[in-house]
Amino acid sequence: MGPPRSTMPKKSSPGQHTRDNKKEKKKPTQAPRRAKAQTESEETNQIDLSATIPVTLQQLLLNVFRVALLNDVYMKKNESGDAISNPQESRQLDIKTLVQTIKSHLYNRDFDSAFTDANEDLLRAYALRWSASRALGYAGILKSLLKVLMEKDGGLMSSTGSNHVVCIGGGAGAEIIALAAAWRDLVDEIEKREALSAGVAGVSLDGGESAADQGSAPKSVNHPDLSVTAVDIADWSSVVDRLSYTIRSSAVMGSKSHPAPLLNLRRGDVDDGKESEGFAVRFKRSDVLSISEDGLKDLLHLESSDKGNTTVMVTLMFTLNELFSTSMAKATAFLLRTTDLVRPGTLLLVVDSPGSYSTLKLGKGNVQEGAASATVQERQYPMKFLLDHTLLSVAEGKWERIHSQDSRWWRRDGTKLGYDVGEGAGLEDMRYQVHIYRRLAN
């Protein structure tokens, strides 16, 4: 079994940047080339990723991680399976020791001990240390893409069924909580718009209430439903369960502008009076490099597409380069199989360390002298090159690249955010590359 396909801390490649200081005479063809490159960049970057979520919502996001994972108190369950609070039995993780253990495993590239064979405490510590910071960085990106999917013209998101997001390597929870926070922010914006619209409609020309609105009860907000599946080779089920529960917990400390719970999207169902949660989470343990055809179809919710459960986005956050490094052939096959299964309009989001390279090993030697004389040559390819080659060349005509940046920063507001979960588990800024593709109609 190869290294775990999970969101793991990675060192950014130092890069091979050089600068030519020699003065050269400008050739007449240089200006047109620059203009052409600029045009191509403008055509590629069709999506504005500058969206952010408010700092108070960022703090609520961090509080969810702390409450869900640092102590055991909120995951005690009674005989009926309901979560209960019992402060007397609370146990807090020794974050400093656990983080040091994780770093030691990663330094030795012992990914099985760090993830696949790790116990629950180790996985919780990893999520507290690394996933919380990444969730902050992911939230703005995902908010931007959700807005694209919700557009009336060309957006794939359904207002009646459940819109599904698949997070490959998302077991550590960063994508789940980032999506929850982004979804909360978007729903808040929808509520404000509808409240403003209702307020304007409810005022008559003479300044009083209109006859239609006198004595009427507030109407429930109409927003789409979202479901998230995190798939990973390691067993992150306990971490996902803890986070999923705490997303809806009012025990988390909030603020006046963003009170807990992080998500409370219940709305009345006109048909049968039941309530819909509006945001569902599930975890699937699987190695996507060896997943069966039926398993991949289930992951992408294809079997339930007739019921309105449609996959609208697939994410690979700090995961794709790891897949390519494990097996370039299998990773390419996975992308092509996914290509054949997702609907037109589906977005593919890839985030990874800037300058990520994957190694391809090629055996060369004299066949007549036997296999023992064969030498293995290694060649490194930029992850971006492999991604473009697979989606834009091999699967030509099936994807369009709508955004691409080789290096981008997300920086936290350290003066306004608090995250005290133990020594060695502070917040970090995030530098990354990002590439976004949209599935075209065949």
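Modeller: A word to begin with: helices (H or I, at least four residues) and strands (E, at least two) are runs assigned by DSSP, and their numbers count from the N terminus. Please also keep in mind that this is a predicted model.

Biologist: Thanks! Which element gives the most to the lining of the largest cavity?

Modeller: The lining of this cavity includes Phe334, Leu335, Thr338 and Thr339. Two elements each give two or more residues to it, strand S8 (310-317) and helix H10 (328-341). With four residues, the one that gives the most is H10.

Biologist: How many charged residues are in the lining of the largest cavity?

Modeller: Val314, Leu316, Leu348, Leu391 and Trp399 are among the lining residues. By class, the lining has seven nonpolar and two polar residues, and the number of charged ones is zero: there are no charged residues.

Biologist: And how many charged residues line the second largest cavity?

Modeller: This cavity has a volume of about 30 Å³. Its lining includes Glu151 and Arg438, along with Val148, Leu149 and Gly154. Asp, Glu, Lys and Arg count as charged. Beside four nonpolar and three polar residues, the charged ones number two.

Biologist: Let's turn to the packing. Which helix gives the most to the largest nonpolar core?

Modeller: In soluble globular proteins, nonpolar side chains tend to be buried together. Here the largest nonpolar core has 89 residues, and Phe65, Leu146, Trp236 and Met313 have the most contacts inside it. The helix that gives the most to this core, with 18 residues, spans 120-149 and is H5.

Biologist: How many residues does the other core have, the one that lies apart?

Modeller: Among its members are Val166, Val342, Tyr381 and Trp399. Trp399 also lines the largest cavity. The count for this other core is 30 residues.

Biologist: Which residues does Leu146 touch, leaving out those up to four places away in sequence?

Modeller: Leu146 is one of the residues with the most contacts inside the largest core, and Met313 is another. The residues that Leu146 touches are Met157, Leu179, Ala182, Trp183, Leu186, Leu226 and Met313.

Biologist: Finally, is the aromatic pair of Phe115 and Trp236 stacked, edge-to-face or tilted?

Modeller: Both Phe115 and Trp236 are buried, and they belong to one aromatic cluster with Tyr126 and Trp130. The ring centres of the pair lie 6.2 Å apart, with 40 degrees between the planes. Planes under 30 degrees apart count as stacked and over 60 as edge-to-face, so this pair is tilted.

Terms used:
Residues numbered from 1 in each chain as written. Predicted model: local features only at pLDDT ≥ 70, side-chain atom pairs only at ≥ 80, totals over all residues. Heavy atoms only, no water. 1 Å grid on protein atoms, 1.4 Å probe; cavity = no way out; pocket = protein on both sides within 12 Å on 5 of 7 lines; lining within 4 Å. Points joined across faces, edges and corners; volume = space filled by probe spheres on them. Core = buried A, V, L, I, M, F, W, Y, C linked by side-chain atoms within 4.5 Å. Buried < 20%, exposed > 50% of the residue type's maximum accessible area, 1.4 Å probe, protein only. Contact = heavy atoms within 4.5 Å. Phe/Tyr/Trp six-rings, centres within 6.5 Å; stacked < 30°, edge-to-face > 60°.
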